[in-house]
Amino acid sequence: MINYKIVCRALGSLLYIESILLALSMGVGAIYDETNFWTFGIPSLVSAMLGFGLCATGDTADNRLSRRDGYLVVSLTWVLFSIIGMWPFLLSGATERPAVAFFEAMSGFTTTGSTAFADVDGLPHSILFWRSISHWLGGMGIVFFTLAILPGMSNGDQKLFSAEATGLKIGKLHPRIGTTARWLWGFYCLLTGVCVTALYLAGMSLFDAVNHGMSTVATGGFSTHTDSIAWFDSSLIEMTEVLFMFLASINFSLLYLILFRGRFRIFVKDTELRGFLIVLIVCIITATCFLTPETVWEEPMLALIEIPQALRKATFNCMSLMSTTGFTTEDFMNWHPTVWIVLTFAGMCGACAGSTSGGIKMIRIITAFKVLIAEFFHALHPRAVQPIRINGAMLPHSVVRSVFAFFTAYMIILTVSITIMCWYDYPLVDCFGMAISSFSNIGPTIGRELGPLDPWGELPDALLWLNSFLMLCGRLEIFSLLLPFIPAFWKEN
């Protein structure tokens, strides 16, 4: 049975965190002389009071968290955080539509980066900071953050860790999950600080650097400007972003071992990382070819000018979408349609498991590809045994089964979502782009009526709620979110 008291206590502890972050955003507003006490004070107070009530309810709870309890905590946490997190947008007057406010909050916490606001530059500094801090918290994981700073819950740490982890595995740096969480969050903070410093030195203001640093390392994509990175018109800033988007796309456990333990061979030997690099490079080369005018190839002097520009555009946008950060420099709907396909494919694949990126994750892509090769081999040699290996280790059948289940669920949810969107008379390419963008937590979308630079607030409320669901489903990788909807989840056995 569900241990409701321990679930309440866990949720209460988490809500204290949101209360503090809301108060921090209010403080940022005070620095810029913005009158925003009610904008952030009321949600912060509500979050604190609700947290206190839930903690009091679970005060006498048995200190054991089951797997079902863990899944329930994770699902409810992300929904509660978004419900409370939407209120600053409503109270500030940024929007009067609850669907828009909830969509923006969900887009922030899930690090999707799709914005419903047409004029981001006109938003108060405190609201801009709230969007960025929601990215930063959601990037590594709300529950994972709590495991890093709060005392453990007996055997519950592993359950919460498993319920929120992205990909097939994150990797443990220490036998204790709490210690692993503290090490990774410490590294996450360090990487964020370095990114902020680098962006500041590259030419951003301090406020822009802090916000973009949090969005970049979280692979979120919220910017402080409507034009996103294009507003700065700086190749140095773009290349700085590319570097940190790449670092944030790597499994953080591997990145920690490479940078702090000196295990540089992992960078070459890790199967998933190699696959990520191969797909990224192929996408960049393909996009560069189609972004370079055909006449350039016959004029060497013109090629020296045009090809580097095409390479710059391709590198930034392929890295942005494959990391699922979603920063933009221009409207790629004006480019060759082949580039649309390349960018969409890159976003669907995503980066490495255990990173802050979204998408399917390269480890699943590689596993599915190896299963396909093994099936071809088995068709030719029925009696032969062809084990599937990743990093030299044989994958158990349970992992292969989970990958197959994920792809099946992914295609079903995607198909149903696209069908629903088509009922609202949007072009098929727009419906496909919106569903992929939300489900893979990418941000920018291909589309004629809703393109990469258009605000999602133009959509009707029903589609905003649907895309909010897709964003959360993609961030929690389907099963953690949908399990509580299965009747067997609530049965005793």
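This report walks through a surface patch, a pair of helices and two loop residues in a predicted model.

Let's start on the outside. Seven names make up a nonpolar patch on the surface: F37, W38, I42, V46, I83, W87 and L91. Together they offer about 700 Å² of accessible area. Helices α2 (37-57) and α4 (87-91) each give at least two residues to this patch, and α2 provides the largest share, with four residues. One residue to look for in α2 is W38. Its relative accessibility is 61%, so W38 counts as exposed, the cut-off for that word being over 50%.

Next, turn to two helices that meet. The axes of α6 (residues 125-140) and α10 (residues 206-217) come within 7 Å and cross at roughly 25 degrees. Angles under 35 degrees count as roughly parallel, and α6 and α10 are therefore roughly parallel to each other. The crossing in which α6 passes α10 is left-handed.

Finally, two loop residues deserve a visit. K361 is not a glycine, yet has a positive phi; E477, also a residue other than glycine, has a positive phi too. The table puts their values side by side.

| Residue | Phi | Loop between | Relative accessible area |
|---|---|---|---|
| K361 | about 90 degrees | α16 (337-349) and α17 (362-380) | 1% |
| E477 | near 55 degrees | α20 (461-475) and α21 (479-482) | 6% |

Are these residues buried or exposed? Buried means under 20% relative accessible area, so K361, at 1%, is buried, and E477, at 6%, is buried as well.

Definitions and conventions:
Residues numbered from 1 in each chain as written. Predicted model: local features only at pLDDT ≥ 70, side-chain atom pairs only at ≥ 80, totals over all residues. Heavy atoms only, no water. Patch = residues over 30% accessible without salt bridge, like charges linked within 9 Å, V, L, I, M, F, W, Y side chains within 5 Å. Areas by Shrake-Rupley, 256 points an atom, 1.4 Å probe, with all protein chains shown as cover. Salt bridge = Lys/Arg side-chain N within 4 Å of Asp/Glu carboxyl O. Buried < 20%, exposed > 50% of the residue type's maximum accessible area, 1.4 Å probe, protein only. Axes fitted to C-alpha atoms, helices over the stretch in contact; angles between N-to-C directions. Parallel < 35°, antiparallel > 145°, perpendicular 65-115°, else oblique. Left-handed = near helix turned anticlockwise from the far one by under 90°.
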